[in-house]
Every structure is written in C-alpha cells, then in structure tokens.
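Student: I am new to this structure and would like a close look at one part of it. Please walk me through the place where two of the chains meet, and then through its surroundings.

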Amino acid sequence: MLGYIIRRILAVIPVMAIVAVFVFLLLRLTPGDPAAILAGDMATPEQLARIRESLGLTDPIHIQFINWVGRLLQGDLGTSLISNTPVMSMIGSRIWPTLQVGTLTIIISVLIAVPMGVIAAWRHRSWIDYAVMSFSVLGFSVPVFVIGYILIKIFSIELRWLPVQGYASPSDGIGAFFSRALLPCLTLATIYVALIARMTRASLLEVLGEDYVRTARAKGVKEKYVLFRHALRNAAVPIMTIIGTGFALLISGVVVTESVFNIPGIGRLTVDAILARDYPVIQAMILLTSAIYVFVNLLIDISYTFIDPRIRY
Amino acid sequence: MRFKNRRFDDADRVLNIRDLSVSLSGGHQRPILDKVNVTIHQGETVCLVGESGSGKSVTSLAVMGLLTKDALTVTGGVIDLEGQNLLELDHKAMRQMRARRISMIFQEPMTALNPVMQVGAQIEEVLDSHTKLPPREKKKRVVDIMNQVHLPDVERIYNSYPHQLSGGQRQRIMIAMALILEPKLLIADEPTTALDVTTQNQVLALITELQEKHGTAVLFITHDMGVVAEIADTVYVMKDGQIIEHAPVETLLRHPTEEYTRRLLQAVPSLIPRPARERNGAVEVLDVEGLRKVYGIRRLFSRAKPTLAAQDVSFSIIRGRTLGIVGESGSGKSTVARCIMRLIDPTEGEIRVASTDIARLSRRELRPHRRHIQIVFQDPFRSLNPRWTIGQSLIEGQLNYGTSRSEAIKRSGELLELVGLPADALKRYPHQFSGGQRQRIAIARAIAMRPDVLVADEAVSALDVSVQAQVLQLLDELQEKLGIAILFITHDLRVAAQICDEVVVMQHGRIVEHDTAANVLMHPQHDYTRALIEAAPGRHWDFANFKELEPA
Amino acid sequence: MAAAPQPTSSLQFILGAVAVPRHWQLGIGPIIAAIVLAIIVVATLFAPLYVPHDPLSMDAVQRLKGPSSEYWLGTDAYGRDLFSRVMIGGQVSLFIGVGAAIVSVFIGLLIGLVSGFFRIADAIIMRIMDSLMAIPSILLAIALVALNGPSLWSVIFAITIPEIPRVVRLVRAVVLSAREEPYVEAAIAVGSSMPKILWKHLMPNTLAPLIVQGTYICASAILTEAILSFLGAGVSTEIPTWGNIMAEGRIYFQIKPSLIFWPGLMLSLCILSINLLGDTARDLLDPRLKKREG
C-alpha cells in the first residue's frame with residue numbers, strides 16, 4: 001500500500017512538468033509578437049519593450065525556459081504587468097475568500113448530492129428518480145452566472161432576505177459571512193451537485209445489480225444497510241473520482257461566481273487580469289489551479305486504498 | 001455406484017411448491033415457469049436439473065422472494081414453507097424469513113461476497129439482522145460456524161477480504177453465512193460450477209455433512225448429472241419452465257421415463273476414453289519444446305512477484321490426432337494455448353508449426369505462418385464480431401491470404417454446410433444464432449484457413465451437454481474428413497475422454513503426466529491425475545447406458 | 001434462433017447487433033427535447049429572413065425600452081432590438097457548439113486509436129492528456145483567447161483543446177477493452193494486419209459512445225462560449241452571440257433583467273434539449289456508458 005501511495009505521488013511529477021511546459025509554450029508559440037498582443041493596439045514602443053523585458057522574451061527560448069522554471073521553483077510566479085507587484089503576493093492576499101467559499105461549496109454539494117443520488121437509484125424509475133435526474137440535467141444546462149442572477153433576483157431583490165453582493169470575512173461575524181456566502185455557494189453548488197448526484201445514481205444502479213447485493217438481501221439484511229453499507233461503499237470509487245475531476249468545473253465556476261457576487265477572491269483577480277490583459281496573472285492562475293487540481297486528485301487516489309482493500313499493488 | 005437410497009415419506013414436508021407460475025413483467029409471452037410443483041422433506045436433498053434457460057434459477061429466486069421486481073412476476077401458485085405461503089408475506093416478514101428459515105448460496109462465490117467487507121463481518125451481519133446477541137456472543141457464533149465449515153486458521157480468515165481467499169474458501173464462507181441460523185431449507189444454485197473439480201468434491205461433501213448434522217432440507221440446482229448422482233435423494237428435471245419428470249435418483253438414472261431425460265443422460269460424456277485413432281504416418285504438425293511463460297515484471301515500489309505460468313512444456317501432435325491438455329484453473333493450460341497461437345509472447349522455448357519455429361517471429365514475419373494454426377475460443381457470444389455478418393467473418397482470413405472475394409464467399413457457403421448450418425446464414429448477424437450455432441460458425445472460420453492444427457480452448461465448456469455432444473461430434477467428423485490435428489484444452493475429464501487420443505495433465509504450469517488417453521484415464525501414474533479422476537462426480541455410473549460402469 | 005427483425009446495415013454498423021434495443025421505448029421527454037431543439041435550430045438558421053430589425057443597428061433614442069409591438073422583447077443599452085439579436089445570436093452559438101464537437105471528436109478519435117493500440121505511444125500520450133485535464137478548461141480557454149485574439153476560430157480552438165483529452169480517454173478505454181475480445185484475437189489468428197483490425201474491428205466500437213460524447217461536447221461548448229463572453233474573453237463584442245448579449249446586459253441587470261433572461265432562456269433550452277437527447281442516445285446505445293467526467 002505504501003508502494004502504491006509513493007507511486008501515485010511520483011506520478012504527479014511528470015504531469016506537473018508537462019503542465020509547466022505547456023503553460024510556458026502557450027505564450028511563446030502564439031503566432032505574432034506576444035508583447036504586441038498583450039499591450040493592445042495603442043501600445044507605444046516603450047511599453048512593448050517593457051513587456052518584453054518583464055516577460056523575459058528577449059533571451060533565446062531555452063534560456064527563457066530555464067530561468068522561468070528556476071524562478072517557479074523558488075515560488076516566483078512573475079510580476080503583474082499592470083500593478084508591478086509580484087503575482088504571488090497578489091494571490092496570497094486574495095485566496096482566503098475563495099478557499100472559504102470553495103470549501104463550503106464542496107461540503108454542501110457532497111451532503112446534498114450523495115443522498116440525492118442514492119435515493120434516486122434506490123427508487124429507480126420513480127417520480128423522485130425523475131426529479132433528481134431533471135434537476136441534474138438542468139444543472140448542466142444553465143450557465144453559472146444565470147443561476148447566480150436568478151438567485152440574486154429572488155432572494156436579494158424580491159424577497160430581500162440576503163444582501164445583494166459582496167463579501168464578509170468570518171472574522172467579521174459568522175452571520176455576516178454566511179449571509180453573504182450562501183448565495184455564491186448555492187450558485188457554485190448547482191453544477192457540482194448535478195454532477196455528483198448523477199454519478200452517484202449511475203454507479204449505485206450498477207452496484208445494485210451485483211451478486212453481493214443479492215447475497216445481502218438473501219441474508220435478510222435491512223434495505224437501508226443494503227444501500228449504505230453494501231452498495232454505497234462499493235460505488236464510492238467512481239463517486240470520489242467524479243468529485244475530483246469535477247473540481248475543474250468548480251474552479252471555472254469560482255471565476256464566474258466571484259464576479260457575479262463581487263467577491264474579492266482569486267477568481268475576481270483572474271477576471272480583472274483578463275480585462276487588463278495582465279498575462280502573468282493569468283499564467284500564474286493556470287499553474288496554481290492545475291496544481292490544486294492535481295493535488296486534490298492525488299488525495300482522492302490515495303483515499304481509494306482506504307475504500308477498496310483490493311487496491312494494494 | 002452407491003446412491004442415497006433414503007426414504008422421506010414419513011419426514012416433515014419443509015417446502016411445497018404448488019403450481020408456481022412466473023412470467024415476464026407486462027409480457028404476454030410464454031410463461032418463464034409454468035405450473036411448477038416441487039416438494040422437499042426435512043433432511044432431503046432435491047436436485048433440480050435442466051439446461052440453461054429451463055427456469056431452475058428462477059424457481060429458486062422465487063422461493064427466496066428475490067425475483068428482479070421490474071422483470072419477473074409470480075402469476076400464480078403457492079410456495080408453502082412449513083405451512084406458511086411465502087407469496088402472501090409482506091416485505092418485512094419475507095426479509096425475516098431469509099437466513100432464519102431459508103438460505104441460499106450462489107454459483108460464483110467471488111462476486112457473491114462483498115469485496116470491500118471482511119468476511120467475518122459479512123457472516124456476523126446475518127446475526128445483526130436477525131438477533132440481538134451481545135457482540136462477544138456473535139463473534140463466538142461466527143467462529144463456531146467457520147470451524148464447522150472447516151476453514152483453516154479461522155482468526156486470520158475472519159479478518160480477510162474475499163479476494164484474499166481461494167474459491168473453495170469463499171464458498172465455505174457462503175455456506176457458513178447460509179447455515180449460521182440453522183435454517184430449515186438451504187437453496188444451492190450451482191454452488192460448485194465455478195470451482196475446480198477437486199474443490200467441488202470437498203464442497204459437496206461439506207454440504208452433505210452439515211445437512212446431516214442439522215437436518216436441513218436442500219434444494220440443489222445443477223446442470224451436472226455427475227453431481228446429481230453423488231448428492232441427490234430426489235431429482236426433478238426441468239425443461240422450458242416445466243417439471244417434466246421427477247423420481248428418486250436411482251430410479252431416474254436407471255429408468256428415465258421421459259424421452260427428454262433419456263436424451264439428457266445420453267449426452268453426458270463417458271469417462272471411458274474412446275478408441276484412439278491410428279497413427280497414420282508420423283507427420284508432426286505441431287512441436288512444442290521447452291515452452292516457458294513468466295508473467296509480470298517487477299515494478300518500482302511494488303512487491304508483486306513475477307508469476308510462472310508455464311514451465312518446461314514440451315509435446316507434439318501428429319496429423320489427424322487429438323492431444324488434450326487437462327488441468328484445473330491456474331494450471332497454465334490456456335497460457336500454453338495462447339503462446340502457441342502467439343496471442344501472447346512466450347518467454348522461452350520453441351513452437352514449430354509446419355517445421356518453422358514461430359516462437360520468436362515478429363508480428364509481420366508471423367503472418368504467413370498464422371494460417372497453419374487456428375483457434376476456437378470458449379465464449380461463443382464474444383468470438384464473432386457482432387457488427388459483421390457471418391459471411392464477413394468467414395471470408396476475412398481467406399482474403400488475407402489472397403483468395404478472391406467471390407471464391408471466398410463460395411467456399412464460406414460450403415463450410416457452413418459442412419458444419420451443419422444453412423448457406424443463407426452468410427447474410428445474417430451473430431445475434432440471430434444460438435450459442436451452439438455460433439460455435440459451429442467459429443469452427444467454420446478456423447477451418448476456412450485449411451489449418452494443420454486446430455486449437456480448441458475450452459471450446460465446449462460454455463455449452464449445454466446436448467449441444468456439447470453435437471459440437472464434439474462435429475469436431476470428430478471434421479478431423480476424419482480433413483485429417484486436421486486438434487489441440488484440445490479442457491478442464492473436463494469426461495470431454496477429454498471423448499475427444500482425445502493423447503492427454504497431457506498440467507498442474508502449476510508444468511506437465512505432470514503425458515500418455516495415451518486410455519492410460520491416463522484408466523491407469524493414471526501421477527498422484528495429481530489420480531486425485532483429479534477420483535474427484536470426478538458420478539464416475540462409477542454410465543449415464544448414457546443407464547447402468548453401473550463396468551470395469552474395463 | 002431468434003427471428004429478430006433485420007436492422008438496416010449502417011445502423012447495425014454503428015450500434016452493433018447486441019446494442020439494438022428490442023423496442024425503442026422513448027419517454028415523452030426526449031420527444032419534447034427533439035421538437036424544442038428543432039424549433040431553435042430552424043428559428044436561428046432562418047433568423048435573417050424574418051427578424052424585424054438589423055441586430056447591429058443602434059438607436060440612442062430607443063435605449064433600454066420595454067417590450068412593444070415594434071420591439072417584441074424590448075431593446076438593449078444601445079437601442080438594438082433584443083429579439084433580433086437573440087435569434088441571430090443563436091447562429092454563432094450553435095456554430096461554435098457543433099464545430100467544437102466535430103473537431104474534438106475527430107482529433108480525439110485519431111489520438112485515442114493510436115494510444116489504444118501502440119503501447120509506447122500510449123504512455124506518452126496519456127501523460128500529456130492527464131496534464132491537459134489538470135488545466136481548468138475555462139482558464140486555458142481564457143489564456144488562448146487572450147493570446148490569439150477574440151476571433152470565432154480562436155474561441156472554437158480554445159473550447160476544443162480541453163475537450164480532446166476526454167475523447168481520447170473514452171476512445172482508448174473502448175479500444176483497450178475491445179482488443180481483449182475473442183473476435184479480435186480471432187482476427188489476429190486469421191492473419192489480419194494491425195491497421196485493418198484497428199479500423200475494421202476496433203474503431204466501430206467507438207462510434208456509439210462518440211455520438212453520445214459529441215452531443216455532450218456540443219452542449220458544453222455552447223455553455224463555455226457564454227461563460228467566456230461573460231468573462232470578457234469571448235468572440236468579439238461586435239458579433240451578437242447568446243453569451244455576448246448576456247455579458248453586455250449584466251451592468252443593467254438590476255434595471256432590466258430581461259437582457260440576461262431571454263438569451264439565457266434560449267441558451268438553457270437549447271443545451272437542455274441537447275443534453276436530454278444525449279442521455280437518451282446513451283441509454284439506447286449502451287446503458288453502461290457513464291456521463292462524461294467533469
């Protein structure tokens with residue numbers, strides 16, 4: 001088992017290395033002069049030169065790469081073209097709201113989605129199954145920001161139950177935090193719940209057809225234990241996998257949701273960077289979010305060993 | 001042959017199924033079960049025999065109340081367990097019957113046990129569901145029943161997961177689970193079919209032992225007449241959802257009254273080898289020398305050891321004769337077949353086909369030699385491309401070797417007739433044929449290449465006995481006509497006796513005995529061969545002739 | 001012998017005999033979805049023939065007007081007719097959806113076939129695909145559009161790249177399981193060459209799952225276009241697309257939510273129908289196929 005975990009951890013290295021190469025090449029292989037693209041049409045030659053200098057575009061490409069990787073390994077993600085501050089510190093000061101909202105979303109989503117999927121599978125082809133499936137298809141079909149605006153319209157503008165937009169840190173009071181975090185979390189959770197509920201239902205349906213479920217019933221085990229002790233545990237691996245791969249959707253959702261709700265997190269930082277063509281920030285965000293994605297999926301891979309005793313090689 | 005000639009007329013009736021009918025839900029087709037009547041007394045073993053699709057498993061699941069809800073519905077009849085009609089019970093009452101009054105064990109112990117739960121806990125769950133014993137008492141009961149089913153090292157196995165146990169041990173766990181609450185009735189649905197013959201024997205003995213100890217009534221479902229002869233008190237023969245005949249075991253085997261039963265018994269292959277074919281000439285068409293196959297390379301941070309699948313395997317086949325490779329699962333017999341076909345690459349050794357060593361040839365160099373040696377696989381449902389017509393499948397190989405399309409199609413039609421199918425089958429798709437017919441088509445595809453050697457890898461194992469007999473007959477005729485050599489891989493000694501001239505017995509990847517079929521089966525030299533033969537169920541009975549086997 | 005009705009041969013080829021359902025039991029849902037989708041597609045394709053206004057013509061006097069007989073859904077901040085813009089805007093959105101689906105399925109199929117059959121290539125290809133999967137698709141698309149400019153093709157390209165790994169994984173998984181089938185081994189035994197086996201025996205197995213996957217990609221591409229436009233990294237704002245119309249409407253959300261509501265409704269109905277049809281296709285073709293992962 002330790003061997004499995006070590007091999008999983010080592011497998012992260014090539015993946016992150018390829019991501020880094022890819023991100024590096026993204027800018028350099030763009031047709032035309034990247035500095036000119038980033039500076040926009042109105043750029044002066046001085047501005048262009050400054051951008052080239054800042055991105056290190058003047059050196060031969062392999063030197064650029066070595067320097068770039070060297071700085072990355074020291075935790076230097078580059079410097080913003082606009083504010084001239086290190087991207088690392090920009091991210092550092094904006095990451096907390098994102099982490100809080102993100103964590104809350106994951107917890108809410110799993111707590112809602114897994115029971116939804118289990119019940120839908122258990123009552124296969126009943127109205128409750130159709131309701132869950134309809135919700136899940138709907139969740140895939142409506143853009144995140146439309147959901148966000150609909151929730152604001154209903155709960156903030158019409159019912160006036162919650163503040164319209166903005167963010168409060170938990171240190172400002174738990175009530176203030178939750179009242180502002182609730183709508184963004186629900187918005188983000190919609191697609192995640194749709195995804196997880198759907199996968200839970202599908203893998204549970206498959207497992208419920210297995211012989212050992214029939215054995216459990218033949219033993220006279222109560223239906224709730226058949227579902228949760230036998231079926232869900234065996235269906236857990238694909239569900240965990242989808243929670244991990246769905247993390248990518250969550251990251252995209254964060255970017256959109258933070259600008260809908262005016263939350264000063266790293267998602268907003270990204271959107272501001274797009275509008276300002278601040279490429280170093282975009283690049284750093286890609287690297288950071290990929291690293292988080294890989295790390296989360298590594299944790300999930302390792303957790304398989306606790307769920308399924310057969311994974312021990 | 002000693003049968004169980006016990007009488008049960010005075011014993012209590014445990015289960016009485018009367019006029020049980022089951023249909024497809026919402027379907028108007030022929031019923032799946034049509035007025036089935038079965039009676040089982042205390043301590044009695046009733047065998048329900050029949051070919052696939054006869055409805056024997058449906059009967060057992062109906063008794064357990066485990067029919068798939070949206071697929072099958074009981075449309076009539078009574079299932080009477082000690083005076084109580086199970087069909088009238090609600091969900092909760094039926095749940096409480098299971099494991100306490102009736103239990104069931106299944107065919108495939110690997111899939112029937114929950115792979116992510118320790119087996120001790122799985123047995124204990126029965127007690128959790130039906131009793132309120134204190135934890136220590138529960139554990140004691142579990143350990144006790146695990147001892148009763150003769151599991152070794154109970155403490156270790158208690159905490160093991162199913163994949164850490166052998167097939168036989170898993171089935172013992174299932175039996176322990178089924179019998180821990182001492183139910184009145186045990187339903188065993190093909191419980192030994194997935195097991196090797198020696199393990200099968202032990203499990204059958206265990207069921208008999210526990211049945212006598214606890215006075216359990218057993219409903220035993222099987223397709224294997226040998227098993228029936230060993231364990232049955234009473235036999236019910238099923239066909240197309242109906243019981244067509246029932247009688248005490250000896251009566252049934254000696255004097256079957258129904259024509260169907262007679263045919264079923266006559267199809268059981270005899271353990272007495274057929275006369276060997278003459279060695280006409282001595283043209284070796286396949287010569288295997290020192291074959292060795294090792295699976296698995298060591299990986300970084302992995303403790304998995306390489307497994308030796310085959311070692312020192314040498315034999316040769318002469319034109320027009322059949323060599324059988326016999327062994328239990330994991331003996332390496334299929335590995336040898338796949339190496340010879342070069343579907344996998346042998347680690348060492350020579351494979352001479354038409355006097356060329358093909359063991360080391362590259363894929364490209366190999367292609368001209370492929371036609372000399374062809375294969376028929378076990379599973380008839382997967383060995384034909386479902387998207388292709390039979391014609392497309394049959395001409396594929398011929399076109400590869402330069403036959404013109406029209407010529408290939410013409411020959412394919414002839415081949416179909418040769419294997420006993422109408423020529424218009426060319427335009428149809430595999431799903432329009434039965435398993436036995438598909439296996440004939442697979443044989444036609446193989447002989448279309450005019451091979452010297454035909455490898456049959458468990459080619460009749462997935463077929464019902466009556467179909468099995470026909471396919472064996474077909475192979476025999478083809479060999480007569482075409483002079484083809486056959487390498488026949490099987491786990492079934494009866495089948496081997498009917499088709500082989502020579503037999504190789506394999507164990508743990510090595511050949512332990514190699515001789516004529518007559519010598520191997522009648523005068524085995526190696527202990528392992530002897531054990532295999534002794535474990536063959538019903539080996540003292542001549543099913544086809546309804547009498548004891550006369551010693552040769 | 002089952003006297004099943006003879007399926008037509010092209011259908012047979014895509015589905016495989018075993019997968020052809022005995023009775024095509026469709027619920028009411030997929031039928032409604034098909035009708036809705038057909039109406040949306042026809043309405044947007046023929047929009048230039050019937051829309052009352054030029055979707056680009058501005059009129060400062062008519063800013064942010066409510067619905068009227070002249071402007072059926074009202075006007076936007078530049079006085080452009082919302083109805084005309086929504087109907088015409090669907091053209092680009094649908095084009096992006098279909099384009100991204102076709103391109104990613106086609107490229108993914110080729111890479112996946114190679115990966116599924118050549119072990120050496122497989123290791124490298126799969127590492128690259130793992131890495132591509134790790135990059136959140138929206139961010140990758142943003143970076144690509146930021147660098148390549150807001151053209152239609154760079155948006156399609158940006159949406160396609162992140163979808164390819166999923167198609168590759170799907171094709172590879174199908175090929176890997178199909179190559180273990182005895183009928184493939186039988187083809188090897190009768191001397192068929194590897195490219196022939198790959199194309200004639202293995203590739204057809206991928207068609208049914210690819211059709212399903214293609215519909216999902218189409219739906220997700222339309223959605224992604226909207227999000228990219230919303231974030232300011234989409235198709236040039238001069239071209240109306242559902243995403244662009246909503247992006248421009250967000251500033252006026254509190255005054256005139258219909259600027260987001262109508263294009264959002266069209267978009268959601270369209271994606272919903274495509275997803276429902278995709279689910280139906282999947283259930284019919286192969287119940288074991290799971291929804292795309294992530």
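How many residues does the contact take from chain C, and how many from chain A?

Tutor: Happy to help! This is a predicted model, in which local features need pLDDT of at least 70 and side-chain atom pairs count only at pLDDT 80 or more, while totals for chains, interfaces and linings use all residues. Residues are numbered from 1 along each chain as its sequence is written, and chains are lettered from A and ligands numbered from 1 in the order in which they are written.

Now to your question: 39 residues of chain C and 46 residues of chain A take part. Two residues are in contact if their C-beta atoms, placed from the backbone, lie within 7 Å. On the chain C side, α5 (119–134), α6 (137–148), α9 and α11 (258–285) each supply at least two residues. Helices (H or I, at least four residues) and strands (E, at least two) are DSSP runs, numbered from the N terminus. By class, this side of chain C has 24 nonpolar, 9 polar and 6 charged residues. Here Ala, Val, Leu, Ile, Met, Phe, Trp, Tyr, Cys and Pro count as nonpolar, Asp, Glu, Lys and Arg as charged, and the others, Gly among them, as polar.

Helix α9 of chain C (194–230) leads us on, for the buried residues of α8(C) pack against it. They also pack against α7 (152–178) of chain C and, in chain B, against α13 (363–370), β16 (373–376), α14 (390–400) and α16 (435–447). A residue is buried if 20 or more other C-beta atoms lie within 10 Å of its own, exposed if 12 or fewer, and partly exposed in between, with C-beta atoms placed from the backbone. In α8 of chain C (residues 182–189), 7 of the 8 residues are buried, so the rest of the structure largely encloses this helix. Among them are C:Pro182, C:Tyr183 and C:Ile188. After α8(C) comes C:Gly191, with a positive phi near 85°.

Chain B meets chain A too: 28 residues of chain B are in contact with 22 residues of chain A. On that side of chain B, α2 (91–97), α3 (109–112) and α4 (119–130) each supply at least two residues, and α4(B) gives the most, with 4 residues. The classes on this side of chain B are 15 nonpolar, 7 polar and 6 charged residues.
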